[in-house]
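I set down here what I looked up in this structure, entry by entry. The sequence and the model are shown first.

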Amino acid sequence: MEVLGIDVGGSGIKGAPVDTKTGNLLAERYRIKTPGKAEPEPVAQVVDKIAKSFNWTGPIGIGFPAPIKSGVAMMAANISPNWVGVNANKLFSEVTGCDCTLVNDADAAGLAEMAFGAGRGQHGTVIMITLGTGIGTAIFHRGKLLPNTEFGHLEMKGQDAEYRASDAARQRDDLTWKKYAKRLNKYLLAMEKLFWPDLFIVGGGISKESQKFLPLITLETPIVPAKLLNEAGIVGAALAAKR
Ligand code: BGC
């Protein structure tokens with residue numbers, strides 16, 4: 001099945017048609033900068049522009065940086081607060097004229113990694129962590145997702161973990177990889193103590209630079225970069241729409 005996968009991020013909105021059987025992108029991805037403040041209508045217009053660029057009329061899966069229940073955004077950390085309570089499935093479907101399905105962005109990335117990437121064949125507890133503007137989490141056990149976990153907001157030193165250990169925090173505080181790895185390690189140790197997972201997978205744009213910080217992480221749990229790198233979000237959004 002072919003589904004247009006779209007990943008709405010804090011800095012960019014990216015999309016490409018995906019073959020949901022293989023997880024392959026069927027065309028080069030198209031990226032547009034996220035409109036300032038990420039308000040609902042301008043974001044929907046960008047999604048429409050991406051769909052039009054592929055002459056798309058079929059189903060669209062959209063990974064979105066918020067917990068999503070029945071298509072409704074429940075909370076807004078790195079997007080406009082005006083999203084809270086909005087039926088985003090409906091808004092995107094009306095603007096694009098296509099059948100749109102929303103899913104949390106980290107859940108999307110996790111679904112893709114479990115199907116086609118680093119989590120393939122892993123039956124224990126797997127935690128996908130996406131490091132970007134925020135920190136996203138997706139938890140799987142025996143291949144099943146527990147949706148909408150929000151452990152990027154775990155409290156560390158009185159602050160949201162994502163405020164200290166996201167990729168945006170690394171850039172904002174101009175951290176060396178060594179200093180960043182130290183902060184990330186503290187976060188991952190806290191997650192390890194809470195869940196005792198069998199595997200951590202690290203995704204987000206930063207995953208293509210994983211060799212700069214993953215070797216500095218000192219966990220008992222194995223930790224690997226996302227195999228689909230930053231494309232996991234697009235592929236997983238398409239998979240979620242298929243489901
Ligand atoms: C949001 C999550 C999202 C994560 C990554 C957090 O701020 O609350 O829903 O998955 O950022 O984008």
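Entry 1: a charged side chain. Does Arg183 count as buried or exposed? I note that the model is a predicted one. At 17% relative accessibility, Arg183 counts as buried, because the cut-off for that class is under 20%. I then looked up its partner: Arg183 forms a salt bridge with Asp173, and the closest N and O atoms are 3.1 Å apart. Asp173 sits in the loop between helix H5 (167-172) and H6, whereas Arg183 belongs to helix H6, so the pair ties together parts that are 10 residues apart in sequence. Asp173 itself counts as partly exposed, at 31% relative accessibility. I also record that Arg172 joins Asp173 and Arg183 in a network of salt bridges.

Entry 2: other salt bridges. I find a count of 6 salt bridges. One of them links Lys212 with Glu209, where the closest N and O atoms are 2.6 Å apart. Lys212 is partly exposed, with a relative accessible area of 36%. Glu209 also counts as partly exposed, at 24% relative accessibility. Among the 6 salt bridges I looked up, Asp7 pairs with Lys14, with the closest N and O atoms 3.8 Å apart. Both Asp7 and Lys14 are buried.

Entry 3: the sheet. In what order do the 5 strands of the open sheet run? I read the order as S11-S10-S9-S14-S15, and the pairing is mixed. Strand S11 (144-146) and strand S15 (223-225) are the edge strands, each pairing on one side only. From one strand to the next, the twist averages 25°. Strands of a sheet pair through backbone hydrogen bonds, either parallel or antiparallel. I therefore looked up the sense of one pair: strand S14 (residues 199-203) and S15 pair in the parallel sense over 3 bridges. Within this pair, Ile223 in S15 is the bridge partner of Phe200.

Entry 4: helices on the sheet. Helix H6 (residues 177-195) packs on the sheet and touches S9, S10, S14 and S15. The direction of H6 makes about 150° with that of S9. The salt-bridged Arg183 of the first entry lies in this helix. Helix H3 (residues 105-116) lies across strand S9 (125-131), strand S10 (135-141), S11 and S14. H3 runs at about 45° to S10.

Entry 5: helix H3 in detail. How many residues of H3 are buried? I find that 10 of its 12 residues are buried, and that the helix is mostly covered. The buried residues include Asp105, Asp107 and Glu113, together with Leu111 and Met114. From its first C-alpha to its last, H3 reaches 17 Å, close to the 16 Å expected at 1.5 Å a residue. Which residue caps the N-terminal end of H3? The cap is Asn104, which places a side-chain oxygen 3.0 Å from the backbone nitrogen of Ala106.

Entry 6: the strand before the cap. I turned next to strand S8 (residues 100-104), which is mostly covered, with 4 of its 5 residues buried. Strand S5 (residues 60-64) pairs with S8 in the parallel sense over 5 bridges. Asn104 in S8 stands opposite Phe64. I close this entry by noting that Asn104 appears in two roles here, as the residue opposite Phe64 and as the N-terminal cap of H3.

Conventions:
Residues are numbered from 1 along each chain as its sequence is written. This is a predicted model: local features need pLDDT of at least 70, side-chain atom pairs count only at pLDDT 80 or more; totals for chains, interfaces and linings use all residues. Side-chain values use heavy atoms; hydrogens and water are left out. Two strands pair if DSSP finds at least two bridges between them. Axes are lines fitted to C-alpha atoms, for helices over the stretch in contact, and angles run from 0 to 180 degrees between N-to-C directions. Contact means heavy atoms within 4.5 Å. The expected span of a helix is 1.5 Å times one less than its number of residues. Buried means under 20% relative accessible area, exposed over 50%, partly exposed in between (1.4 Å probe, protein chains only). A polar contact is a pair of N or O atoms within 3.5 Å; within protein, one must be able to donate a hydrogen and the other to accept it, and residues adjacent in sequence count only if both atoms are side-chain atoms. A salt bridge is a side-chain nitrogen of Lys or Arg within 4 Å of a carboxyl oxygen of Asp or Glu.
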